[in-house]
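Subject: Structure for you to look at

Dear colleague,

I am handing over the structure we spoke about, with its sequence. Please open it first, and then read my notes alongside it.

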Amino acid sequence: MVSGTKLMEKILYGVAKQWIAGETIDDALESVRDAYKKGRHAIVNKLGEYHTSKPLIIKTVKEYQLISSSFRKWKVRGAISVKPTQVGLSISRKECLRNFETIIKNASLSHTFVWIDMESSDHTDETIEIYHNLFARYERLGLAIQANLKRTKNDLIDLLEYGAKIRLVKGAYNEDGKIAYKSKNKIDENYLRLMKLLFRDGNEFGIATHDSSMINQAIRLSKIYERKFEFQMLKGIRDELKPDLARKGFVVSDYIPYGTNWLPYSIRRVKERKRNILLLGSSFIQSHRV
Ligand SMILES: Cc1cc2nc3c(=O)[nH]c(=O)nc-3n(C[C@H](O)[C@H](O)[C@H](O)COP(=O)(O)OP(=O)(O)OC[C@H]3O[C@@H](n4cnc5c(N)ncnc54)[C@H](O)[C@@H]3O)c2cc1C
């Protein structure tokens, strides 16, 4: 007999499968190939965060190295996206920096672009410091910044002075109202403000959103400022829109997570949208019917 927790996990995995490639590197590479066939680029992320076990961190670093080398072998356009706390930030800044160096040195051999994901506001300062340190030596490196944080406009102005490559997101973490915008309206307003700055003063950036009104604003701005940028969306979300953008000549990248640690990522996706909660509910009801 399946326990309540196991059943819940099984149902959640059924829903989560639309957003993740699977559990192994091969699953991730298969999804990369699939995205490539559809005319899209791919950004691979190994799931997992807040690692404090050194063997686990070493394993994670090795997997990112293997993925970078595989892109070249498979002749696909790919990038990797790494969370600082999965490669040592929960131990120390020094540990994290050392591991990023290893990943980036290997990535640069295969011309793989590396993105640094941005985690909760507890890590913003350290993550920006790490980015500055590495970007001074490695050019093919980008950083995610979050429109829900009030500090981000100043961070962006500063980062753009150094020519930083930015991925603009709304922000996936629940932050305190003292430091963050909480309503969708305020976050969208700030997203638009930051996007305008990016188009005016930046180059080589990612507009990472599924929000049609933000995407339309980006298209409008791209007609005023000729910039190298791409749309980035999560695997399995807005799949109906992606071919349309690609047909119009925009670069679209699929963010493809893989790994066994899929639960926190999937819970964030469920919380993002009421309809996903309903989807989870109906999967639960169906599982009780059989
Ligand atoms: C490529 C990429 C990388 C990211 N990297 C980071 C990062 O490093 N740090 C970080 O904090 N956050 C990251 N995020 C997540 C981001 O911060 C948001 O939480 C997430 O993208 C939802 O915001 P939205 O821009 O899509 O807008 P929302 O206002 O949340 O949604 C707008 C519309 O998009 C559609 N939509 C949004 N989410 C879903 C969903 N789950 N299922 C179905 N439809 C949906 C719906 O139509 C919705 O009405 C990343 C997102 C992307 C796309």
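Below is what was found, going from the whole chain to the domains, the core and the ligand.

Please bear in mind throughout that this is a predicted model. The protein chain has eleven helices and eight strands. Its radius of gyration is 19 Å, close to the 19 Å that the globule rule gives for 290 residues, so the chain is as compact as a globular protein of that length. Along the principal axes, the C-alpha atoms fill a box of roughly 60 × 45 × 40 Å, and 38% of the 290 residues count as buried. If one takes the contacts with a separation of 6 or more, 71% of them are accounted for by residues 24 or more positions apart.

The chain is divided into two parts, namely domain 1, made of 6-22 + 263-290, and domain 2, which covers 28-261. The centres of domain 1 and domain 2, taken over C-alpha atoms, are separated by 25 Å. Where the domains meet, nine residues of domain 1 are in contact with 13 residues of domain 2, and the side contributed by domain 1 consists, by class, of six nonpolar, two polar and one charged residues.

The largest nonpolar core holds 65 residues, and those that touch the most other members are Val-44, Ile-80, Val-114, Ile-166, Leu-168, Met-195 and Ile-256. This core draws at least three residues from each of domain 1 and domain 2. Ile-256 may be a useful place to start looking: leaving aside residues up to four places away in sequence, Ile-256 touches Ala-21, Ala-28, Ser-31, Val-32, Ala-35, Ala-42, Ile-43, Val-44, Asn-45 and Lys-235. Among these partners is Val-44, which is itself one of the core residues listed above.

As for the ligand, 23 residues surround it, and the closest are Asp-117, Ala-144, Val-169, Thr-209 and His-210. The elements that give two or more residues to this shell are strand S4 (141-146), strand S7 (229-234) and helix H10 (263-272), with S7 giving the most, at three residues. By class, the shell divides into ten nonpolar, six polar and seven charged residues. Which domains does the shell around the ligand draw on? At least three residues come from each of domain 1 and domain 2, so that both the ligand shell and the largest nonpolar core include residues of each domain.

With best wishes

Conventions:
Residues are numbered from 1 along each chain as its sequence is written. This is a predicted model: local features need pLDDT of at least 70, side-chain atom pairs count only at pLDDT 80 or more; totals for chains, interfaces and linings use all residues. A residue is near a molecule or strand if its C-beta atom, placed from the backbone, lies within 6 Å of it. Helices (H or I, at least four residues) and strands (E, at least two) are DSSP runs, numbered from the N terminus. Ala, Val, Leu, Ile, Met, Phe, Trp, Tyr, Cys and Pro count as nonpolar, Asp, Glu, Lys and Arg as charged, and the others, Gly among them, as polar. Domain bounds come from an automatic or database domain assignment. Two residues are in contact if their C-beta atoms, placed from the backbone, lie within 7 Å. A nonpolar core is a set of buried Ala, Val, Leu, Ile, Met, Phe, Trp, Tyr and Cys residues joined through C-beta atoms within 7 Å. A residue is buried if 20 or more other C-beta atoms lie within 10 Å of its own, exposed if 12 or fewer, and partly exposed in between; C-beta atoms are placed from the backbone. The radius of gyration is taken over C-alpha atoms; the globule rule is 2.2 Å times the number of residues to the power 0.38.
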